[in-house]
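Visitor: I'm new here. Could you show me around and explain the words as we go?
Guide: Happy to, so let's put the structure up.
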Amino acid sequence: MRIVLLGPPGSGKGTQGVRLSEIYKIPQISTGDMLRKAVADETALGKKVQEIIQGGMLVPDDLIVSIIEERISQEDCSEGFILDGFPRTVDQADALERVLPGSVDVTVYLNVPAEEVIDRLSGRLTCRECGAVFPKRDISPCPVCAGALYQREDDQKSTVEHRIGVYMKHTAPLVDFYRSRNKLAEVNGTGEPDDVFERIEAEVSEVISK
Ligand code: AMP
């Protein structure tokens, strides 16, 4: 099963991707997590993308496509994968189609209004170790892995608004891209994560039963 999670930043792709990965036993691949790790490890890639990420812009398509191409060719992806944060442009979606024709079984589009994602992003903390996100409260360390929680630089309000603009311009067209290919399952992404997950699972089960 090859699933793409689509939706604005803060729509819950990461949280729901982890759950899907546990249920369907296929890896969740978050390009944002991979890039942040490269930055933290100060690799050549990390140095190249650090400012781009902090500014809430997109890294070049060819770079991210080659990262994904390499990742999905690995053994643990043989039964499928969950893509979180990729593709993010129509060119990336075309590239994915070229690399693995017919590759996407379903694109789950988490629909959350812009005002809500702005609130969620500027009010959340992320775990430096496992990438899990939590609402800003007095919780520390990470309840999942005991890593340190921090506010992502690109989750600060000024950058968040910019990221939403980038999403609207470059990524939102993918809703029509996948809808026109009959690969889109639109899910209401508001409310409790458990309820959102139920809605997603219903869509994915329907695809599996076809
Ligand atoms: P995310 O964790 O998905 O919000 O991604 C964090 C940042 O990583 C984005 O704001 C971009 O700078 C970069 N990034 C992640 N995935 C992609 C992608 N598919 N294409 C371009 N840039 C990406």
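Visitor: What volume does the second largest pocket have?
Guide: About 530 Å³. One caution first: this is a predicted model, where local features need pLDDT of at least 70, side-chain atom pairs count only at pLDDT 80 or more, and totals for chains, interfaces and linings use all residues. Residues are numbered from 1 along each chain as its sequence is written, and side-chain values use heavy atoms, with hydrogens and water left out.

Visitor: Which helix gives the most to the lining of that second largest pocket?
Guide: Helix 2, with five residues. R36, K37, A40, R128 and Y150 lie nearest the pocket's centre.

Visitor: How do you know that Q92 is buried?
Guide: Buried means under 20% relative accessible area, exposed over 50%, partly exposed in between (1.4 Å probe, protein chains only). Q92 has 3%, so Q92 counts as buried. Q92 lies in helix 5 (residues 90-99).

Visitor: What makes the link between the side chains of Q92 and D61 a polar contact?
Guide: The term needs a pair of N or O atoms within 3.5 Å; within protein, one must be able to donate a hydrogen and the other to accept it, and residues adjacent in sequence count only if both atoms are side-chain atoms. The Q92–D61 pair is at 2.9 Å, so the distance fits.

Visitor: Why are the buried residues of helix 3 said to be on the same side?
Guide: In helix 3, G46, V49, I52 and I53 are buried. They cover an arc of only 130° around the axis, which puts them on the same side of helix 3. The face turned away carries the exposed A44, K47, K48 and E51.

Terms used. On a 1 Å grid over the protein atoms alone, a cavity is a set of points where a 1.4 Å probe fits but cannot get out, and a pocket is an open set with protein on both sides within 12 Å along at least five of seven lines; lining residues have an atom within 4 Å of a point. Grid points are joined across faces, edges and corners, and a volume is the space filled by probe spheres set on the points. Helices (H or I, at least four residues) and strands (E, at least two) are DSSP runs, numbered from the N terminus. The arc is that of the directions from the helix axis to the C-beta atoms.
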